[in-house]
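Me: Hey, can we go through this protein together? I'd like to get a feel for what's inside.

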Amino acid sequence: MPKTPEPETIAASNGIASDESFGAVTPPIFLSSTFAFPGFEQSGPYDYSRTSNPSRALLADTIARLEGGAGAIVTSSGMSAINLLLSRLEPDELVVAPHDCYGGTYRLLAARRDRHHFSVAFVDQADDAALEAALEQYPALVLIETPSNPLMRIVDIASISARAKQVGAKTAVDNTFLSPALQRPLALGADFVVHSTTKYLNGHSDVVGGAIVAGEVTDVEAFAAWANITGVTGAPFDSYLTLRGLRTLYPRMERQQANSMQVATYLSGHPEVAAVHYPGLLSHPGHAIAKLQQSGFGAMLSFELKGGVVAVRRFVESLSVFTLAESLGGIESLIAHPATMTHVGMGEEGLKAAGIGDSLLRLSIGLEPLAI
Ligand code: PLP
């Protein structure tokens, strides 16, 4: 039996040299919106690109293999992947979500809750009693984000997934911050993984996209059907670019997280820094769990400056190399101020509950060499 390829090999070479028309080494891009039927009342593998497309299918297959899933659906954005995840819920069902999740996820959950599509309990999932109380309400879905955006809080995927299963809930993990290179939630017991492929999977800040991966074929089919019904599938060109970026996922991650460890260490010894949130630091409250469930600490970190907004403004305006911008996971270093940028959609109350203050800055560390 052939040996299962290493993940690095899957990322670098899935679909390479598979073109039967001309022997193209790089899989061709199929931009066609529609495909010829072989004959009357006969169907081929593809008919219409909203439903399925060869370029998108190759990206989906690669992501599913890296996550160890039965299949994946590639969507037009990370938010459409999360929306797809929520599409199957009924009005009498409950979602347990992190109180400090990505601001867009929080906004989507709150908007759908307000329209009575389902109920939501925003919970500090690291608080055992709060999590237990939420699970006692028999949720249908537990959504996990670890490390969380932007505070890098870590929760135990295996433990939460097992406890959710006991009450009949499915577990979904937003794996955007680490990618399958550093964390594989399905192997830890989760049912679904969602991604903003905009970030590390593509890695070059030139595509907005998403994906959902499921461990069971029946779930893959159900999500694929909903993706077709609602039309949230990703474009072929975006799929092509994302796969091209994904080819280098593993070496990018390795270098970017090595840089991050050094930046985190430097910041934690700086007199003007009040706190550093990076799971690779021994002082991080989630360090032990991160070490167990991740194969690296990632390339995202956040920190708090002494001196409030005045210090934040001065700091941001004096930076070089780092660009003040939303998003993350690209080869270039970015800095964001979550309270006024990425997480503004949470509103004042949500920000306060999540502990996202004015002094917090988030870094996405790139490939640039360090000068510290
Ligand atoms: N999940 C996380 C953790 C994110 O950080 C983001 C975006 O920043 C999203 C989901 C949403 O992804 P997109 O911007 O591709 O819709």
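Me: How do the residues of the lining of the largest cavity divide into nonpolar, polar and charged?

Reply: This is a predicted model, so keep that in mind. The lining of the largest cavity splits into 6 nonpolar, 3 polar and 4 charged residues.

Me: What volume does the largest cavity have, and which residues are closest to its centre?

Reply: The largest cavity has a volume of about 80 Å³. It is lined by 13 residues, and P98, D100, Q125, R153 and V155 are the closest to its centre.

Me: How many cavities of 30 Å³ or more are there?

Reply: The count comes to 2. The second largest cavity has a volume of about 60 Å³. Of the 14 residues lining the second largest cavity, the closest to its centre are V74, T75, G209, D238 and T242.

Me: Which element gives the largest share of the lining of the second largest cavity?

Reply: That's helix 8, with 3 residues. Strand 1 and helix 8 (236-246) each supply at least two residues there. By class, the lining of the second largest cavity has 5 nonpolar, 8 polar and 1 charged.

Me: OK, on to pockets. How much space lies in the largest pocket?

Reply: About 650 Å³. The largest pocket is lined by 28 residues, and the ones closest to its centre are Y266, F315, L319, F322 and I372.

Me: And which helix gives the most to the lining of the largest pocket?

Reply: Helix 9, which puts in 4 residues. Helix 9 (249-268), strand 9 (300-305) and helix 11 (308-317) each bring at least two residues to that lining. Sorted by class, the lining of the largest pocket has 18 nonpolar, 6 polar and 4 charged residues.

Me: What about the second largest pocket, what volume does it have?

Reply: The second largest pocket has a volume of about 330 Å³. Its lining is made of 22 residues, with M79, Y102, N149, S196 and K199 the closest to its centre. Helix 3 (78-86) and strand 6 (192-196) are the elements that give two or more residues to that lining.

Me: How do the residues of that lining divide by class?

Reply: The lining of the second largest pocket has 8 nonpolar, 9 polar and 5 charged residues.

Me: Which domains does the lining of the second largest pocket draw at least three residues from?

Reply: Domain 1 and domain 2, each giving at least three residues. The protein is divided into domain 1 (7-246) and domain 2 (249-364). Taken over C-alpha atoms, the centres of domain 1 and domain 2 are separated by 24 Å. The contact takes 41 residues from domain 1 and 41 from domain 2.

Me: Switching topic: what order do the 7 strands of the open sheet come in?

Reply: The order is 1-7-6-5-4-2-3, and the pairing is mixed.

Me: Why is one side of strand 1 and of strand 3 left without a neighbour in the sheet?

Reply: Strand 1 (71-75) and strand 3 (119-123) stand at the edges and each has a single partner strand, so one side of each has no neighbour in the sheet. As for the twist, neighbouring strands of this sheet are turned by 20° against each other on average, direction ignored.

Me: In which sense do strand 2 and strand 3 pair?

Reply: Parallel, over 5 bridges, with strand 2 covering residues 94-98. One bridge has L94 partnered with S119 in strand 3.

Me: Which strands does helix 3 touch where it packs on the sheet?

Reply: Helix 3 touches strand 1, strand 2, strand 4 (141-145), strand 5 (170-174), strand 6 and strand 7 (210-214). The direction of helix 3 makes about 155° with that of strand 6.

Me: Last topic, backbone oddities. Is the peptide bond from T146 to P147 cis or trans?

Reply: Cis, with omega near -5°. P147 sits in the loop between strand 4 and helix 6 (157-166). Another cis peptide bond joins N149 and P150, where omega is about 15°. P150 is also in the loop between strand 4 and helix 6.

Me: Is phi of Y138 positive or negative?

Reply: Positive, near 50°, in a residue other than glycine. Y138 is in the loop between helix 5 (128-135) and strand 4.

Me: Why point those out?

Reply: Because most residues other than glycine have a negative phi, and most peptide bonds are trans.

Note on methods: Residues numbered from 1 in each chain as written. Predicted model: local features only at pLDDT ≥ 70, side-chain atom pairs only at ≥ 80, totals over all residues. Heavy atoms only, no water. 1 Å grid on protein atoms, 1.4 Å probe; cavity = no way out; pocket = protein on both sides within 12 Å on 5 of 7 lines; lining within 4 Å. Points joined across faces, edges and corners; volume = space filled by probe spheres on them. Nonpolar A, V, L, I, M, F, W, Y, C, P; charged D, E, K, R; others polar. Domains from an automatic or database assignment. Pairing = 2+ DSSP bridges. Axes fitted to C-alpha atoms, helices over the stretch in contact; angles between N-to-C directions. Contact = heavy atoms within 4.5 Å.
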